[in-house]
Amino acid sequence: MTKIDPIIAVKDVNESAEWYQKVFDCKRTHGGNEFAVLEDENGEILICFHKWGEHEHPTMIKPNIKPGNGLIIYYKTDKLDIIRSNLKKMDYPIEKEIHINPNSTKKEFSLLDPDGYYLTITEYHKYEG
C-alpha cells in the first residue's frame, strides 16, 4: 500500500488543528505543540501540522516565506455542504463561493486557511479521462 500524508508548516499547531477540526469535523489523534495528526471518521489521515522551524526539516525552516506557493490542498468530500455550512457559522471568509468546476463538473469552493494555505473543497469524484 502507498499513501501520502500531507504535512504543512503552521505558526501554531494547536490553533490550526482546532480550526481544521471545526471545519472538517475530524479528530486529532496524535501530537503535541510541535506536530499534530488529524483523521477523518474512517481513521484516514486528513492532514498533519508541523510547527515552523522545529526539527530542522529543510522546507519548514523559513516561516517568513509565503506558505503554500505552488500548492493547492484539494479536499474531495461527500460533505461539501456541511463543510461550507461550518465555515458560514464561523463567519470565515471564502475566496470563491460554490460553483461548478467546468473540468470535473463537480461543485467546489475555495478559501485560505488561517496560515494562508489555499484550499479547494470539492464534491467527491474519481478522476476520469
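**Notebook: looking around a predicted model**

I began with Ser-85, which sits in helix H2, residues 80–89. I keep in mind that this model is predicted. Ser-85 counts as partly exposed, because its relative accessible area is 31%. Next I looked up its distance to Val-23: the two are 62 residues apart in sequence, yet their C-alpha atoms are 8.7 Å apart in space.

**Entry: helix H1**

I moved on to the helix that holds Val-23. H1 has 12 residues and spans 16 Å from its first C-alpha to its last, close to the 16 Å expected at 1.5 Å a residue. Which residues of H1 are buried? I found Val-13, Ser-16, Ala-17, Trp-19, Tyr-20, Val-23 and Phe-24. Looking down the axis of H1, I see these buried residues within an arc of 165°, so they line one face of the helix. A rule from class helps here: an α-helix has 3.6 residues a turn, so residues three or four places apart point the same way. On the other side of H1, I noted Glu-15 and Lys-22 as exposed.

Then I checked the ends. At the N-terminal end, Asp-12 acts as a cap for H1, with a side-chain oxygen 3.0 Å from the backbone nitrogen of Asn-14. Just after H1 comes Asp-25, with a positive phi of about 50°.

**Entry: two positive phi values**

I paused at that phi, because most residues other than glycine have a negative one. Asp-25 is not a glycine, but its phi is positive all the same. I located Asp-25 in the loop between helix H1 (13–24) and strand S2 (27–31). Is Asp-25 buried or exposed? It is exposed, since its relative accessible area is 58%.

I found another such case in Thr-105, where phi is near 60°. Thr-105 lies in the loop between strand S6 (96–100) and strand S7 (107–112). With a relative accessible area of 54%, Thr-105 is exposed.

**Entry: the core**

How many residues does the largest nonpolar core have? I read off 28, and those with the most contacts inside this core are Tyr-20, Phe-24 and Phe-49. Among the elements giving two or more residues to the core are strand S1 (7–10), H1, strand S4 (45–51) and H2. H1 supplies the largest share of the core, 6 residues. A general note for myself: in soluble globular proteins, nonpolar side chains tend to be buried together.

I followed up on Tyr-20. Leaving aside neighbours within four places in sequence, its contacts include Ile-8, Leu-38, Phe-49, Ile-73 and Leu-119.

I also looked at Thr-120 in strand S8, residues 118–123. Thr-120 is buried, at a relative accessible area of 5%. Beyond residues up to four places away in sequence, Thr-120 touches several others, including Ile-73, Tyr-75 and Phe-109.

**Entry: salt bridges**

I counted 4 salt bridges in the structure. One of them joins the side chains of Lys-3 and Asp-5, at 3.0 Å from N to O.

Asp-81 and Lys-107 form another, at 3.5 Å from N to O. Asp-81 is in helix H2 and Lys-107 in strand S7, so this pair ties together parts 26 residues apart in sequence.

Glu-97 and Arg-84 also meet in a salt bridge, at 2.6 Å from N to O. This pair links strand S6, where Glu-97 lies, with helix H2, where Arg-84 lies, 13 residues apart. Glu-97 is partly exposed at 43% relative accessibility, whereas Arg-84 is buried, with a relative accessible area of 14%.

Definitions and conventions: Residues numbered from 1 in each chain as written. Predicted model: local features only at pLDDT ≥ 70, side-chain atom pairs only at ≥ 80, totals over all residues. Heavy atoms only, no water. Helix = DSSP H or I, 4+ residues; strand = E, 2+ residues; numbered from the N terminus. Buried < 20%, exposed > 50% of the residue type's maximum accessible area, 1.4 Å probe, protein only. Expected span 1.5 Å × (residues − 1). Arc of directions from axis to C-beta. Polar contact = N/O pair within 3.5 Å; in protein donor to acceptor, adjacent residues only side chain to side chain. Contact = heavy atoms within 4.5 Å. Core = buried A, V, L, I, M, F, W, Y, C linked by side-chain atoms within 4.5 Å.
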